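User: Could you walk me through this model and show me how each label is earned? I would like to see the values set against the definitions.

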Amino acid sequence: MQSSFWNIGFVEDDIKEVLRSDHLHIHWLQHPYKDRWFADPFFLRVDEHSIILLVEEFRYQDKKGRLTKLTVNRANYQLEDVKTILEEPTHLSFPFIYRKDDSVLIIPESSKSGQTDVYVYDEVTDEVKKISTFCHLPLTDAVLVDMPDGKQYVLSTKEPTPNKDHLQIYAADTESWKMTEIPLQDVLFDSRIARNAGDVFEVDGVMYRPAQDCNKGYGHGVVIQQISYHDGQFAFETIRTFFSDNPEFDMGYHTFNRMNGLIVMDAHGHRYKMANKMVKLLLMLYHL
């Protein structure tokens with residue numbers, strides 16, 4: 001039984017202020033659904049009227065994720081439209097978006113299938129078509145990064161240890177849509193902050209990686225790391241970590257992406273709050 005649920009939130013604060021802050025002012029997505037949740041948000045488009053996202057949609061009866069397009073009213077964050085764009089026999093999530101010329105490519109997390117695939121997405125028809133198997137590795141929340149020297153890399157963790165302290169970095173090629181399956185670099189952190197939490201972004205010429213703090217559990221917090229890159233080698237320095245202070249989403253934050261002055265995140269909490277409180281009380285009494 002699915003014991004947790006997720007929701008998506010929006011932060012309007014300037015990214016420079018966010019990078020100096022220890023608190024996020026989040027406007028939560030408003031929707032009527034009780035039989036599903038939405039998570040892993042990536043921006044397709046943002047304008048003054050609408051926010052268009054690709055997300056993981058998880059319906060409790062299906063017990064697996066699929067990729068869905070959400071249309072959200074920017075004025076009040078009400079969900080206006082839901083449309084499934086990709087469903088496979090195995091679980092899909094983390095619909096990473098990469099733009100090349102006039103094309104929109106999606107590299108979702110599909111580790112249950114044992115491989116990582118690339119799809120092209122038509123924003124007019126909502127048609128999604130597989131164009132390549134990127135690699136035969138069960139990557140978890142992979143991101144593709146273009147570096148200033150023209151080189152391309154995939155940053156990812158992978159099964160069976162996706163939420164620990166090792167981040168692998170692979171060479172990538174978006175002409176052939178293939179990547180190396182042996183890492184060029186294996187980055188070891190001093191805690192469980194290796195898994196990505198969103199796309200790499202840039203502020204004032206500095207690159208940042210959102211990562212997940214999994215030290216107290218999957219998706220417990222979001223870590224923002226400054227990236228250093230020299231001679232094909234990466235280094236990461238944590239500059240900010242965000243943990244949820246919202247009692248409804250007490251299990252943590254998980255995703256961090258930005259576009260056109262807006263930040264999108266997600267958070268999760270206990271689906272059965274009273275039952276969880278009773279379990280905690282019983283455990284506390286047991287240890288007295």
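**Sheet, rings and cores**

Analyst: Happy to. Four strands make up an open sheet in the order S7-S8-S9-S10, with antiparallel pairing. S7 and strand S10 (128–135) are the edge strands, because each has a single partner strand and so one side without a neighbour in the sheet. From one strand to the next, the twist averages 30°, where axes are lines fitted to C-alpha atoms and angles run from 0 to 180 degrees between N-to-C directions. Do keep in mind that this is a predicted model: local features need pLDDT of at least 70, side-chain atom pairs count only at pLDDT 80 or more, and totals for chains, interfaces and linings use all residues. Residues are numbered from 1 along each chain as its sequence is written, and side-chain values use heavy atoms, with hydrogens and water left out.

User: How do you know that S9 and S10 pair?

Analyst: Two strands pair if DSSP finds at least two bridges between them, and strands themselves are DSSP runs (E, at least two residues; helices are H or I, at least four), numbered from the N terminus. Strand S9 (residues 116–121) and S10 are joined by 6 bridges and run antiparallel, so the requirement of at least two is met. One of the bridge partnerships links Tyr119 to Lys130 in S10.

User: Why is Phe94 called buried?

Analyst: Buried means under 20% relative accessible area, exposed over 50%, and partly exposed in between (1.4 Å probe, protein chains only). Phe94 has 0% relative accessibility, so Phe94 counts as buried. This residue of strand S7 (residues 93–100) also has a positive phi of about 45° although it is not a glycine.

User: What makes Asp40 buried?

Analyst: Its relative accessibility is 2%, and therefore Asp40 counts as buried. Asp40 is found in strand S3 (residues 36–46) and has a positive phi of about 55° without being a glycine.

User: Why is the pair of Trp6 and Trp37 called tilted?

Analyst: Rings of Phe, Tyr and Trp (its six-membered ring) pair if their centres lie within 6.5 Å; planes under 30 degrees apart count as stacked, over 60 as edge-to-face and the rest as tilted. The count by this rule is 19 aromatic pairs. Trp6 and Trp37 are 5.9 Å apart centre to centre, with 50° between the planes, which is tilted. Trp6 lies in strand S1 (residues 4–11) and Trp37 in strand S3, so the pair ties together parts 31 residues apart in sequence. Both Trp6 and Trp37 are buried.

User: And what makes Phe234 and Phe236 a stacked pair?

Analyst: Their centres are 6.1 Å apart and their planes 10° apart, giving a stacked pair. Phe234 counts as buried at 5% relative accessibility, and Phe236 does too at 16%.

User: How do you know that the charged end of Arg209 sits over the ring of Phe236?

Analyst: The rule asks for NZ of Lys or CZ of Arg within 6 Å of the ring centre and within 35 degrees of the ring normal. The charged end of Arg209 is 5.3 Å from the centre of the Phe236 ring and is classed as sitting over it.

User: Which residues touch the most other members of the largest nonpolar core?

Analyst: Val154 and Phe236 do, in a core of 50 residues. Strand S11 (residues 139–146) gives the most to this core, with 5 residues. A nonpolar core is a set of buried Ala, Val, Leu, Ile, Met, Phe, Trp, Tyr and Cys residues joined through side-chain atoms within 4.5 Å.
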